[in-house]
Amino acid sequence: MDRQKYNVEKQHEKMKYHAIERILLLLDRDSFTEIGAGIDGYGYDPSSDKKSTPYDGVITGRGTIGGKTVFIFAQDFTVAGGSIGLNHGRKIAKTIELAIKARCPVIGLYDSGGARIGEGINALAGCGEMMHQNTLASGVIPQISIVVGPCAGAAAYSPALTDFVFMVEKIGQLYITGNKVIENVTGEKCTLQELGGAKVHSETSGVAHFAFTSEKKCYAEVRKLIGILPSSYLDNAQYRELDYRPNGCSIDSLIPEDDKTPYSMHQLIYGIVDEDSFVEIHRNFASSMITGFAKLSSVTVGIIANNPMSNSGCIDRDSSDKAARFVRFCDAYSIPIVTLVDTPGYLPGLDQEHSGIIRHGAKLLFAYSESTTTKITVIIRKAYGGAYIAMGSKHLGADYVYACPKAALAVMGAEGAVSIIYHKELAKAEDEAALKKELAEEYSRKYMNTTIAQIEGYVDEVISPDAIRKRVFEDIKAFENKDRTTVAKRHGNIPL
């Protein structure tokens, strides 16, 4: 590394890595090739007195991660504050364009004060060209953003357009309007971290998928994610030569007898997938839904699961968005989707209704219905009402639907159902509670099971939790050459 070329010490004074160090930490040793190092600021003339802006404040190139080629760009805050001028934006746009052509993932490291004010509309043009290429790359190659400094104003939309956003606590910031402007306009006071730090975006807004306490931890997880994802939508995974390998885990005893007792869906997932292979997406956001990638006997799969430990696994506005976006990513890259169902329904409440649970919940229905990748659903315990439909049911195009022995498919829970069906009888009863309990037990015996679903073909087989891993692996192999033909059209109109 040429320390004379890069102002490394200036970043170290702020307890941050320099852009070139970040690239070298992330990529395989000695694999980085810089592209466009001679590009300077817009309108720069070496014969004039105008100050040079070396490489226009962004280092671009390519390298490898685990031997897999990736394209990469890193904004350098020590050069013009990492601000985005026309050439800066065009360098990033060109890097993304090259990644599309090469069918390789692209990684962006963001550390910038925003658009370069001195360049006026040309700076906005640079931002726009970046976003245009982000959009063209969507569904073609995986795009990963790493926010390791400020990323403000119009520039904040570039990482928002990518597939996965990583942020480092205390140094990463994403916001449209700065805290000083907000205070002047609305009177609200906040720090930049309170406005758009890693905690805010990974837990509240959902803009960030990952948050880490250090850059090195962040880069290690990026490398793990790159290793599990395909390089492009044209990667054709070959399953037929793979042999099933048991993982030595038993999960049959994990599901409690009492359907009101919560359990760890994470432990269930760990018992199904290969050891230490699960990469959870949006772990701290909308926690009633679990999404993530894993290896299942060496096959990459996308996992979507209700989380009984959070709001009893109810689907809400944010969890609908979270799962729908994940379904669409998996479908774009032909990653088989494994859905694990245990939900009593949609989360009730005025807040959910008024904030658009109907519109947001419809996204999940749309995403599953539109997707054509292999889809395998396992009903672990509860599958009630509209949530049963939304969680990858046969009615939305699942290839196979299985149910575990304790599974219950119904319009609603037994107590809620008898309160409606027998409301007159209950109102007249001398001991309403005793009658309600008796009727609920009878309703459960008759309807809270998989019998009718099996008769109608909505459930293909009842299998034990221990059998899930092998059955899903065999199904994925069988569907390696699945016909993904669908209705001819330009595109659907998902309820955004």
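**A walk through strands, rings and empty spaces**

Let's start with a pair of strands: strand 1 (residues 33-34) and strand 2 run antiparallel and are joined by two bridges. Before going further, keep in mind that what you are looking at is a predicted model. If you want to find one spot where these two strands meet, look for Thr33, which stands opposite Arg62 in strand 2.

Strand 2 has another partner as well. Strand 2 and strand 3 (residues 68-75) pair over eight bridges, again in the antiparallel sense. Here a good landmark is Gly61, with Ile72 of strand 3 standing opposite. How many residues lie between strand 2 and strand 3 in their hairpin? There are two residues between them, and Gly66, in the turn, has a positive phi of about 60°. While you are looking at strands, here is a handy rule: in a regular strand, side chains alternate between the two faces of the sheet.

Is strand 2 largely enclosed or largely open? Strand 2 covers residues 58-65, and six of those eight residues are buried, so the strand is largely enclosed by the rest of the structure. "Buried" here means a relative accessible area under 20%.

Now jump along the chain to strand 13 (residues 375-384). Here 10 of the 10 residues are buried, so strand 13 too is largely enclosed by the rest of the structure. This strand has parallel partners. Strand 12 (residues 337-343) runs parallel to strand 13, and six bridges join them; one contact to look for is Val341, whose bridge partner in strand 13 is Ile379. Strand 14 (residues 400-403) also runs parallel to strand 13, with four bridges joining the two. There, Val378 has Tyr402 of strand 14 as its bridge partner.

Next, the aromatic rings. A search of the whole structure turns up 15 aromatic pairs. Take Phe210 and Phe212: their ring centres are 6.2 Å apart and their planes are at 10°, so this pair counts as stacked. The cut-off behind that label is an angle under 30 degrees between the planes. Are Phe210 and Phe212 buried or exposed? Phe210 has a relative accessible area of 6%, so it is buried. Phe212, at 15% relative accessibility, counts as buried too.

Ring pairs can also link up into something bigger than a pair: Phe164, Phe293, Phe326, Phe329 and Tyr333 are linked into a cluster this way. And a ring can have a charge for company. The charged end of Lys16 sits over the ring of Phe77, 5.5 Å from the ring's centre.

Finally, let's look at the places where there are no atoms. Rolling a probe the size of a water molecule over the atoms shows where empty space is left. The largest pocket holds about 1200 Å³ of space. It is lined by 39 residues, and the closest to its centre are Ser138, Leu161, Asp163, Arg325 and Arg328. Helix 5 (157-160), strand 6 (164-168), helix 11 (317-332) and helix 13 (357-370) are the elements that give two or more residues to this lining. Which of them gives the largest share? That is helix 11, with 10 residues. Sorted by class, the lining of the largest pocket has 18 nonpolar, 11 polar and 10 charged residues.

The second largest pocket has a volume of about 540 Å³. Among its 29 lining residues, Asp235, Asn236, Ala237, Tyr239 and Ser334 are the closest to the centre. Helix 9 (215-228) and strand 11 (299-306) each supply at least two residues of the lining of this second pocket. By class, its lining divides into 13 nonpolar, 10 polar and six charged residues.

There is also a cavity, and a probe inside a cavity cannot get out. The structure holds one cavity of 30 Å³ or more, and the largest cavity has a volume of about 40 Å³. Its lining includes Phe73, Ile96, Tyr110, Asn134 and Thr162. Strand 4 (106-112) and strand 5 (143-152) each supply at least two of the lining residues, and strand 4 gives the most, with four. What classes of residue line the largest cavity? Six are nonpolar, five are polar and none are charged.

Note on methods. Residues are numbered from 1 along each chain as its sequence is written. This is a predicted model: local features need pLDDT of at least 70, side-chain atom pairs count only at pLDDT 80 or more; totals for chains, interfaces and linings use all residues. Side-chain values use heavy atoms; hydrogens and water are left out. On a 1 Å grid over the protein atoms alone, a cavity is a set of points where a 1.4 Å probe fits but cannot get out, and a pocket is an open set with protein on both sides within 12 Å along at least five of seven lines; lining residues have an atom within 4 Å of a point. Grid points are joined across faces, edges and corners, and a volume is the space filled by probe spheres set on the points. Ala, Val, Leu, Ile, Met, Phe, Trp, Tyr, Cys and Pro count as nonpolar, Asp, Glu, Lys and Arg as charged, and the others, Gly among them, as polar. Rings of Phe, Tyr and Trp (its six-membered ring) pair if their centres lie within 6.5 Å; planes under 30 degrees apart count as stacked, over 60 as edge-to-face and the rest as tilted. Buried means under 20% relative accessible area, exposed over 50%, partly exposed in between (1.4 Å probe, protein chains only). A charge sits over a ring if NZ of Lys or CZ of Arg is within 6 Å of the ring centre and within 35 degrees of the ring normal. Two strands pair if DSSP finds at least two bridges between them.
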